[in-house]
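This report covers selected helix contacts, charged pairs and single residues. The sequence and the structure are shown first.

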Amino acid sequence: MSTLDGSIVNVALPAVMEDLGVHMHTIEWVVVVYLLSVSSLLLPLGRLSDIEGRRWVYCRGFIIFAAGSAFCGLAPGAYYLVAFRAFQGVGAAMLMACSPALVVDTFPPSERGKALGMIGTVVASGLTTGPALGGLLIKTFSWRAIFYVNIPIGIVAAVLAHFILRGGPGDMARKETFDWRGAILMCVSMVSFFLAVVKALDWGLTSGTTLGLVGISALTGLWLAILELRVKHPVFDPSLLKVRLFSLPIMSSAILFAGLFTIVFLMPFYLVNPMGLPIDKAGYTMVIPFVCLFFISPFSGALSDRIGSRWLCTAGMTILATALFFMSELPASAEYWQIAWRLALAGTGVAMFLPPNSSIAMSALPPERRGIASGTVATARNVGMVVGVSQAGLIFNMIYRAESGGANLKAYSPDLEPFFMSGFKGAMLAGTILAVLGIAVAFFRGDDKKATAKATMGPA
């Protein structure tokens, strides 16, 4: 439901913009505010699930998500829609913060990679079917139908989760206090950072607004770090970062998604503009990496249960770096198969990396800290997405403007091809450098078998 909703909303934005009669820079907040809401709440809600129990948070997440979907579908105007999307993001964060932890709670260490690989398949299913289903719903009914479809799914899922998870390992509450001050500081720091990153190009890299938000993020982040060292039950325990098999997989996950979303963000522009593909064929083409994720993730997860995460994650990151480099070498008019195998290579690398990496990050901490681990894994994913899109857009536009004499890409024409391809190549090479850094981070995590067994036993 969550991945399907994300991909459907992106497809619906043109229809929403036309129906509500607003500009592009207004309707983009439908996506931005959802991202801000989810990203800033993942860690606090992960910690809350450690205290109240994951079933308590998870079931309420379905209800809030379904209610938010209903409000979005009924929104009378763009500003209402943006506000309701923020509310919907609260429910999505409650679900995302619990899902990996519930899987790790349920499956023994020998089967966790396989189980998380199956989740990768489900995620890929949502991403691949979203655009097609969204187009069908919008064409048959209206853009409001893409939100209404979540309501029955959310209600049924909440009821099933309430009964299925009752009495399980995810249904245990702890007598610990929730660090509200830390949660508020974390939200302010994260929202300020993401807002500065997402809007830096529009506002200007050195504008007062951008620099002010970066300053607020840094100051509240420093205040949070000092506070968390003093409270008995912090919303995020900084000492967890000393666990190498937790901190390095988290870091490499953010790097992987930054590289992946360099591709996800720029490739549609390349396919439609220099290549000249119709928009529907460009959309079908972008499904290729997620199809690879669909088929390869379960095998990668099962294999990691036997050999560990180190070599699979290193190989996956290497494959992604290779795909990014070859994409930087694409000509303006490539054969379709030349594009397809590069996208398939990228999808293969991501599919090899994700299940074992998530498995070790979740297994490296004791059970009473898995909510934090789950929220951190999801936060790393969102940070990577934002960084990937932002750095790709920044580098592309900087090169494009420098070579075109300060022009912005609004309407593409053949005479702009050299400028476009220079920016495209520069952004893909930047993604390659990021992925190469990720190879080192993935490799230096070390052997994970002994550490996993130790963490599974819980605290001494």
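## Helices H9 and H16

H9 and H16 cross with left-handed geometry. In this predicted model, the axes of H9 and H16, the latter covering residues 370-404, approach within 8 Å and cross at roughly 25°. That angle makes H9 roughly parallel to H16, because angles under 35 degrees count as roughly parallel.

On the H9 side, the contact is made by Met-190, Phe-194, Val-197, Val-198 and Leu-201. Their counterparts in H16 are Thr-379, Asn-382, Val-383, Val-386, Ser-390, Gly-393, Leu-394 and Asn-397. By class, the contact of H9 with H16 contains 8 nonpolar and 5 polar residues, and no charged ones.

## Helices H15 and H16

H16 also meets H15, a helix that spans residues 336-363. Here the axes come within 9 Å and cross at roughly 145°, and H15 passes H16 in a right-handed crossing.

Ser-358, Ala-361 and Met-362 are the H15 residues in this contact. They meet Arg-370, Ala-373, Ser-374 and Val-377 of H16. The contact of H15 with H16 is made up of 4 nonpolar, 2 polar and 1 charged residues.

## Helices H3 and H5

Two packed helices are described by the angle between their axes and the distance between the axes. For H3 and H5, the angle is about 35° and the axes are 7 Å apart. The crossing of these two helices is right-handed. The contact of H3 with H5 holds 19 nonpolar residues, together with 5 polar and 1 charged.

## Salt bridges

Side chains of opposite charge can pair when their charged atoms come close. How many salt bridges does a search of the whole structure find? The search gives 4, and three of the pairs are described here, beginning with Arg-47 and Glu-176.

The closest N and O atoms of Arg-47 and Glu-176 are 2.6 Å apart. Arg-47 belongs to helix H3 (residues 29-52), while Glu-176 sits in the loop between helix H8 (150-164) and helix H9 (180-203), so this salt bridge ties together parts that are 129 residues apart in sequence. Are the two partners buried or exposed? Arg-47 counts as buried because its relative accessibility is 1%, and buried means under 20%. Glu-176, at 22%, counts as partly exposed.

## A network around Arg-54

Arg-54 takes part in two salt bridges, one with Asp-50 and one with Asp-105. In the pair with Asp-50, the closest N and O atoms are 2.9 Å apart. In the pair with Asp-105, the corresponding separation is 2.7 Å. Arg-54 lies in helix H4 (residues 54-74) and Asp-105 in helix H5 (residues 78-106), so their salt bridge ties together parts that are 51 residues apart in sequence. Through shared partners, salt bridges join Asp-50, Arg-54 and Asp-105 into one network.

Each member of the network counts as buried: Asp-50 has a relative accessibility of 0%, Arg-54 has 3%, and Asp-105 has 14%.

## Trp-143

Where is Trp-143 placed? Trp-143 is in the loop between helix H6 (112-140) and helix H7 (145-148). With a relative accessible area of 4%, Trp-143 is buried.

Neighbours within four places in sequence aside, Trp-143 is in contact with Ala-12, Ala-15, Val-16, Asp-19, Leu-20, Cys-72, Leu-81 and Ile-138. Trp-143 and Ser-359 are 216 residues apart along the chain, and their C-alpha atoms are separated by 37 Å.

## Ile-439

Ile-439 is in helix H17, which covers residues 417-443. Which residues does Ile-439 contact, leaving aside its neighbours within four places in sequence? The partners are Thr-314, Met-317, Thr-318 and Ala-321. Between the C-alpha atoms of Ile-439 and Leu-365 the separation is 23 Å, and the two residues are 74 residues apart along the chain.

Notes: Residues are numbered from 1 along each chain as its sequence is written. This is a predicted model: local features need pLDDT of at least 70, side-chain atom pairs count only at pLDDT 80 or more; totals for chains, interfaces and linings use all residues. Side-chain values use heavy atoms; hydrogens and water are left out. A salt bridge is a side-chain nitrogen of Lys or Arg within 4 Å of a carboxyl oxygen of Asp or Glu. Helices (H or I, at least four residues) and strands (E, at least two) are DSSP runs, numbered from the N terminus. Buried means under 20% relative accessible area, exposed over 50%, partly exposed in between (1.4 Å probe, protein chains only). Axes are lines fitted to C-alpha atoms, for helices over the stretch in contact, and angles run from 0 to 180 degrees between N-to-C directions. Angles under 35 degrees count as roughly parallel, over 145 as roughly antiparallel, 65 to 115 as roughly perpendicular and the rest as oblique. A crossing is left-handed if the near helix is turned anticlockwise from the far one by less than a right angle, and right-handed if clockwise. Contact means heavy atoms within 4.5 Å. Ala, Val, Leu, Ile, Met, Phe, Trp, Tyr, Cys and Pro count as nonpolar, Asp, Glu, Lys and Arg as charged, and the others, Gly among them, as polar.
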